[in-house]
Amino acid sequence: ESALLTRDGREIPVTQAMIAHRSGPDGKIEFISTIARDMSKQKRAEDELRAAKEYAETIIQSSGDMIISVDVNRNVFQLNPAAERTFGYRKEEIVGSPLDQLYADSVTSAPIRDALRQHGKYTGEVMNRRKDGTLFPSSLSASLMRDADGNVVGSMGISTDITDKKALERQRADVVAMLTHDIKNPLASILGYVDLLVEETAGRRTAEEDDFLQRTKDNVLTISALISNYLDLAKVEAGQLVLYKAGQDLPALLQRVVTLHGSVARRHRLTVTVNIEEHLPEIVGDQSALERVFSNLLRNALKFTPETGKIDIRAFFHKKDHVVIVEMQDTGPGIAPEEMPLLFERYRRT
């Protein structure tokens, strides 16, 4: 490679081949042939590629997010300063080491490996381990890296320490849980006064007054159930929910749930039928949790079934799977098939 000077003084990068032509036995050089090819475009492309690589490297090195690259054997071969600071390792200490030592445990890394193998990418939250052994949560976005031929050569992950975010979420959840817990006491008081009023005015109320009292009681029970659901959800997310499992009489349990919501059914002229297979085996579970599950299902059916509609509750033993199944079916509009995947998304109504 060399450069040729043009007439106007510009230098052109070229690849050049020079051939010496000799003559006679003495081998004297008579003349030299030169073949040159203009490399300007290739040089520009190489310069642009080098500039792009330098720009990308600058972004990686200056990023506040942790960026770690691993080879196909999941050994670290590159990490940026943010990752060094957060994990407490110097680059030379961690390069060549297994990535798994940066996770809280082997269970944490398994879903990431599976997602990369199946989908080529992973997005989620993970628990990491620093050099000093302390754990911290982070958000992670990882994807496979491929060479020019499409072969997998490793993977790269970009993650952010979310310790402060998690602490804020816990504080918010604690405050809301405290408020909802405190609301339950006045609700219990209201319910007690309503029951007392019903008892003291028996035989002296009009049908309209009966309806008002029943509506008040139903609304208090609904609010109380919503609060209980929220408190249990908070316990589930915090890993603190404790279930007190014991043998349960399912027919009696279902009948209590139906009786609890009987006034709502009567007010909307809905027919609720209960068909329970004889000699059902005893089930083991938490009574209050089971009652809440069935109450939620029944309350949903009552809410979305038009007046004079029907709600069927069935309980039977499934011999093949050796389980007891409880089904509820109503004459409401139902859920569109295309909306079924959204059924368990929080705060979404189909």
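**Salt bridges and one helix crossing**

Arg130 and Asp161 form a salt bridge, with the closest N and O atoms 3.5 Å apart. Arg130 sits in the loop between strand E6 (121–129) and strand E7 (135–146), and Asp161 sits in strand E8 (residues 152–161), so the pair ties together parts that are 31 residues apart in sequence. A reminder before I go on: this is a predicted model.

Now, buried or exposed? Take Arg130. Its relative accessibility is 22%, and buried means under 20%, so Arg130 counts as partly exposed. Asp161 is at 32%, and it counts as partly exposed too.

Next pair. Asp195 forms a salt bridge with Lys217. The closest N and O atoms are 3.2 Å apart. This one joins two helices. Asp195 is in helix H5 (residues 163–200) and Lys217 is in helix H6, so the pair ties together parts that are 22 residues apart in sequence. Asp195 has a relative accessible area of 33%, which is partly exposed. Lys217 has 27%, again partly exposed.

Third pair. Arg256 forms a salt bridge with Glu291, and here the closest N and O atoms are 2.8 Å apart. This pair also links distant parts of the chain. Arg256 belongs to helix H7 (residues 250–260) and Glu291 to helix H9, 35 residues apart. With a relative accessible area of 39%, Arg256 is partly exposed.

How many salt bridges does the count come to? It comes to 17, taking a side-chain nitrogen of Lys or Arg within 4 Å of a carboxyl oxygen of Asp or Glu. Some residues are linked in a network of salt bridges: Arg90, Glu92, Glu93 and Lys131.

On to the helices. H6 and H9 have each come up once, through Lys217 and Glu291. Now look at them together. H6 spans residues 207–237 and H9 spans residues 287–304. Their axes come within 12 Å and cross at roughly 125°. What does that angle make them? It falls between the roughly perpendicular range, 65 to 115, and the roughly antiparallel one, over 145. H6 and H9 are therefore oblique to each other. The crossing of H6 and H9 is left-handed.

Which residues meet there? From H6, we have Thr222, Ala225, Ser228, Asn229 and Asp232. From H9, we have Arg292, Asn296 and Arg299. By class, the contact of H6 with H9 has four polar residues, three charged and one nonpolar. The nonpolar one is Ala225, in H6.

Note on methods
Residues numbered from 1 in each chain as written. Predicted model: local features only at pLDDT ≥ 70, side-chain atom pairs only at ≥ 80, totals over all residues. Heavy atoms only, no water. Axes fitted to C-alpha atoms, helices over the stretch in contact; angles between N-to-C directions. Helix = DSSP H or I, 4+ residues; strand = E, 2+ residues; numbered from the N terminus. Parallel < 35°, antiparallel > 145°, perpendicular 65-115°, else oblique. Left-handed = near helix turned anticlockwise from the far one by under 90°. Contact = heavy atoms within 4.5 Å. Buried < 20%, exposed > 50% of the residue type's maximum accessible area, 1.4 Å probe, protein only.
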